[in-house]
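Let's take a friendly walk through this fold, from its strands to its helices. Have the structure open as you read.

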Amino acid sequence: MPRLFLFLCVLALLSCTSQPSESTGAGAGTGAKSTLVIPADEASAEERAEIESALREIESVAAELSAPRDFHRLPVIVTTAENFTDHPAACVSENGEGRFILLKPSVIEQEKEERKSGRHSALLRVLLHEIGHCYFGREHETAQIQSPGYVIEIESAAGPIYYHSLDVSVMVKESLVIPTPLERYYVAELLGLTRAESLADIAAFAPLKYLPIEKPALRADKAL
Ligand SMILES: [Zn+2]
């Protein structure tokens, strides 16, 4: 019997979060003087190239969706500083305004691991999530889609990926990766262009199949 569970995406326990700046002493309201000190960027040249590539990728997808956006307005800082967040990443804000996106080196390390599989991206997921906080004022949510009794199979260039459920949005904070075939969907959702209510809505962006859980089979008996 195929051990489908072995292939299911294991979601990391870590989570990135929106973290109001703890360092600001500026009062609320317009005109408040900023006291936020943006930490020095510790990214290596390679890490900086990775981040720039991911940002350009997101902007490219947005442009393809006829909704071009500039996601370079806020700096993306790689830092080991611990005083902003306990999480791997954060949108650091001040007076309710996003000031910069913080990444810890662990995010880049995870991206390197995910890239070996060719099925998921951690860096795109984390950047999209923090862009959601910083650029769109999005909060965390829990919405997921599943098909009870079935495992969802998504075809990727590196082979099939299996899920019990799919996040409706990158703002579901428990997930630290996105399946690479669904990048376009998640960008579109973030931009407010779509919002999946069923797997068929997601299938419009990437081919999906269902595999029954009770009788696992190598071949899907239902396809979207
Ligand atoms: Zn968050």
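## Strand pairing

Two strands count as paired if DSSP finds at least two bridges between them. With that in hand, we can look at strand 7 in this predicted model. Strand 7 is joined to strand 8 (residues 159–163) by five bridges, and the two run antiparallel. They form a hairpin, with two residues between the strands. One bridge to find on your screen links Ile 154 with its partner in strand 8, Ile 161.

Strand 7, which covers residues 150–156, also pairs with strand 11 (residues 208–212). This pairing is antiparallel too and again has five bridges. Here you can look for Ile 152, which stands opposite Tyr 210 of strand 11.

## Helix 2 against helix 4

Now to the helices. Helix 2 (residues 45–64) packs on helix 4 (residues 122–136) with the axes 10 Å apart and an angle of about 65°. Angles of 65 to 115 degrees count as roughly perpendicular, so this pair is described that way. Their crossing is right-handed.

Which residues of helix 2 and helix 4 meet? From helix 2 come Glu 50, Ala 54, Leu 55, Glu 57 and Ile 58, and from helix 4 come Leu 123, Leu 124, Leu 127 and Leu 128. By class, this contact holds seven nonpolar residues, two charged ones and no polar ones.

## Helix 3 against helix 4

Helix 4 has another packing partner in helix 3 (residues 105–117). Their axes lie 7 Å apart, at an angle of about 135°, which makes helix 3 oblique to helix 4.

On the helix 3 side, the contact involves Val 107, Ile 108, Gln 110, Glu 111 and Glu 114; these meet Ala 122, Leu 123 and Val 126 of helix 4. The classes divide into five nonpolar, one polar and two charged residues. Leu 123 of helix 4 is worth clicking on: Leu 123 takes part in the contact with helix 2 and in the contact with helix 3.

## Helix 2 against helix 5

Helix 2 also crosses helix 5 (residues 183–190), at roughly 75°, with the axes coming within 10 Å. These two helices are therefore roughly perpendicular to each other.

Ile 58, Val 61 and Ala 62 in helix 2 meet Glu 183, Arg 184 and Val 187 in helix 5. Of these residues, four are nonpolar, two are charged and none is polar. Ile 58 of helix 2 appears in this contact as well as in the one with helix 4.

## Confidence in the model

The mean pLDDT of the protein is 83, and 81% of the residues reach 70 or more. Residues 1–29 have a pLDDT below 50, although this stretch makes 65 contacts in the model beyond near neighbours in sequence. Where pLDDT is low, the predicted coordinates should not be read in detail.

Key
Residues are numbered from 1 along each chain as its sequence is written. This is a predicted model: local features need pLDDT of at least 70, side-chain atom pairs count only at pLDDT 80 or more; totals for chains, interfaces and linings use all residues. Helices (H or I, at least four residues) and strands (E, at least two) are DSSP runs, numbered from the N terminus. Axes are lines fitted to C-alpha atoms, for helices over the stretch in contact, and angles run from 0 to 180 degrees between N-to-C directions. Angles under 35 degrees count as roughly parallel, over 145 as roughly antiparallel, 65 to 115 as roughly perpendicular and the rest as oblique. A crossing is left-handed if the near helix is turned anticlockwise from the far one by less than a right angle, and right-handed if clockwise. Two residues are in contact if their C-beta atoms, placed from the backbone, lie within 7 Å. Ala, Val, Leu, Ile, Met, Phe, Trp, Tyr, Cys and Pro count as nonpolar, Asp, Glu, Lys and Arg as charged, and the others, Gly among them, as polar. pLDDT is the predictor's confidence in each residue, from 0 to 100.
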